[in-house]
Amino acid sequence: MASRVLRGRFAPWAVSLLHALLGATGLLLLLGDGMLKGVTTRPVLLSFLLFLITAVGGFFLASFHLRQHIAPRVVVLVHAAIGLGAFTTLLDACGLIRL
């Protein structure tokens, strides 16, 4: 999706909606798994907050699409970087990678 926007083209709506749906599902699963149970670690909480910031950025990007404007490249890159940082933080918190 980002590569299309960086080349000045719109990402397909179906792909954008699927991306948003999967992101929202991930946020809800993360919220439901540990945070609502009251059992979470700081890295998981940090990951959740970064994903939440990423989601807000995604809504901002979608607003450009709705207005038929190509999103600014820097916003796309920041959205992707924060999302990757959140995912990497979560993988580290789960012990799947070590930073």
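How far apart should the ends of helix 4 (residues 73-93) lie at 1.5 Å a residue, and how far apart are its end C-alpha atoms? The expected span is 30 Å for the 21 residues of helix 4, and the end C-alpha atoms are 30 Å apart, which agrees; the expected span here is 1.5 Å times one less than the number of residues. This is a predicted model, in which local features need pLDDT of at least 70 and side-chain atom pairs count only at pLDDT 80 or more, while totals for chains, interfaces and linings use all residues. Residues are numbered from 1 along each chain as its sequence is written, and side-chain values use heavy atoms, with hydrogens and water left out.

**Overall architecture**
- The protein has 4 helices and 0 strands, in the order α-α-α-α from the N terminus, where helices (H or I, at least four residues) and strands (E, at least two) are DSSP runs numbered from the N terminus.
- Along its principal axes the C-alpha trace spans about 45 × 25 × 15 Å, and of the 99 residues 23% count as buried, meaning under 20% relative accessible area, with exposed meaning over 50% and partly exposed in between (1.4 Å probe, protein chains only).
- About 6700 Å² of the protein is exposed, with carbon and sulfur atoms supplying 74% of that area, as computed by the Shrake-Rupley method with a 1.4 Å probe.

**The two sides of helix 4**
- Buried residues in helix 4 are V75, V76, H79, G83, A86, T89 and L90.
- They cover an arc of only 165 degrees around the axis, which puts them on the same side of helix 4; the arc is that of the directions from the helix axis to the C-beta atoms.
- On the other side of helix 4, R73, V74 and L84 are exposed.
- After helix 4 comes G95, whose phi is positive, near 80 degrees.

**Nonpolar cores**
- The largest nonpolar core (buried Ala, Val, Leu, Ile, Met, Phe, Trp, Tyr and Cys residues joined through side-chain atoms within 4.5 Å) has 6 residues, namely V5, L61, F64, A71, V75 and V76.
- Helix 3 and helix 4 are the elements that give two or more residues to this core.
- Apart from this core lies another, of 5 residues, among them L27, L30, V44 and L90.

**Contacts of T54 and V75**
- T54, located in helix 3 (residues 42-66), counts as buried because its relative accessibility is 11%.
- Not counting residues up to four places away in sequence, T54 touches H79, I82 and G83, where contact means heavy atoms within 4.5 Å.
- Leaving aside neighbours within four places in sequence, V75 is in contact with F60 and L61.
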